[in-house]
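Welcome to my notebook. I wrote these entries while looking around a structure that was new to me, and I hope they help you do the same.

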Amino acid sequence: MHRVVCPGSFDPVTNGHLDIIRRAALLHDEVLVVVGANRAKHGMFTVDERVAMLEEVTKDLSNVSVGTFRGLLVEYCRARGVSAIVKGLRAVSDFEYEMEMAQMNYRLAGIETLFMTANPLYSFLRSSLVREIAAYGGNVAALVPPAVEAQLRVKLGSPGTG
Ligand code: ADP
């Protein structure tokens, strides 16, 4: 059984995340999508809300499950028998930080990190931009799944621009 994790803050999950999760699910037996709870209180959505949205948008993927982790990701991986961390790389700007993290996680626990290049359709997409666009009433329908768009409207208390 080859089990991998897709970690992130997912505040909220975007089409870019979902693209990586779907592609990872084709390549690995089991994918655990995990929301990091360490710094979550500074975000827009609570950890429970992020998990609920991820569960909704991955419900058609039978080998994907959603969870949370607190503390070191490598400890979570060790405890769950995870063989690798899967991360999406959008641009060169992601690379330096991700390489450092990957090397540190390998040093700490011998956990490998596998990188998937972002779908060019979504390489500009990050959750913080989605939050900002939505907060100013912009249309995020092409950037996030419909369930997430609906939750953004609820959170921001606006009808959106449709
Ligand atoms: P964000 O930068 O959107 O806040 P997260 O911290 O939740 O994202 O990222 C979790 C993982 O998803 C990271 O590996 C990140 O590189 C990847 N990721 C985020 N957005 C995209 C995207 N648009 N395309 C591919 N991978 C992405």
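**Entry 1: the shell.** I began with the kinds of residue in the shell around the ligand, and I counted 6 nonpolar, 6 polar and 3 charged ones. I should say at once that this is a predicted model. In total, 15 residues surround the ligand. I noted the closest of them, which are S9, G88, Y122, L125 and S127.

**Entry 2: where the shell comes from.** Which elements each supply at least two residues of the shell? I found strand 1 (3-8), helix 1 (15-27) and strand 4 (84-89). Helix 1 gives the largest share, with 3 residues.

**Entry 3: the ligand's place.** I then looked up which pocket holds the ligand, and the ligand sits in the largest one.

**Entry 4: polar contacts of the ligand.** I looked at the ligand's nitrogen and oxygen atoms next. At Y122, a polar backbone atom is 2.8 Å from a nitrogen atom of the ligand. At R90, the side chain is involved instead: one of its N or O atoms is 3.0 Å from a ligand nitrogen. For S127 I wrote down a polar backbone atom 2.8 Å from an oxygen atom of the ligand. How much of the ligand does the protein bury? Taken alone, the ligand exposes 530 Å², and the protein buries 88% of that.

**Entry 5: R50.** I moved on to R50, which I found in helix 2 (residues 47-57). Is R50 buried or exposed? Its relative accessible area is 3%, so R50 is buried, the cut-off being under 20%. I also checked a partner for its side chain: a polar atom there lies 3.0 Å from the backbone oxygen of S9. I had already met S9 among the residues closest to the ligand.

**Entry 6: D19.** Back in helix 1, I looked up D19. D19 counts as buried because its relative accessibility is 15%. I then compared positions along the chain and in space: D19 and Y122 are 103 residues apart along the chain, while their C-alpha atoms are separated by 8.6 Å. Y122 is also one of the residues closest to the ligand.

**Entry 7: N105.** My last stop was N105, in helix 4 (residues 92-109). N105 has 10% relative accessibility and therefore counts as buried. I looked up its spacing to I85 as well. The two are 20 residues apart along the chain, and 9.3 Å separates their C-alpha atoms.

Note on methods:
Residues are numbered from 1 along each chain as its sequence is written. This is a predicted model: local features need pLDDT of at least 70, side-chain atom pairs count only at pLDDT 80 or more; totals for chains, interfaces and linings use all residues. Side-chain values use heavy atoms; hydrogens and water are left out. A residue is near a molecule or strand if one of its heavy atoms lies within 4 Å of it. A polar contact is a pair of N or O atoms within 3.5 Å; within protein, one must be able to donate a hydrogen and the other to accept it, and residues adjacent in sequence count only if both atoms are side-chain atoms. Accessible areas come from the Shrake-Rupley method with a 1.4 Å probe; for residues, only the protein chains shown count as cover. On a 1 Å grid over the protein atoms alone, a cavity is a set of points where a 1.4 Å probe fits but cannot get out, and a pocket is an open set with protein on both sides within 12 Å along at least five of seven lines; lining residues have an atom within 4 Å of a point. A molecule sits in a cavity or pocket if more than half of its atoms lie within 2 Å of its grid points. Helices (H or I, at least four residues) and strands (E, at least two) are DSSP runs, numbered from the N terminus. Ala, Val, Leu, Ile, Met, Phe, Trp, Tyr, Cys and Pro count as nonpolar, Asp, Glu, Lys and Arg as charged, and the others, Gly among them, as polar. Buried means under 20% relative accessible area, exposed over 50%, partly exposed in between (1.4 Å probe, protein chains only).
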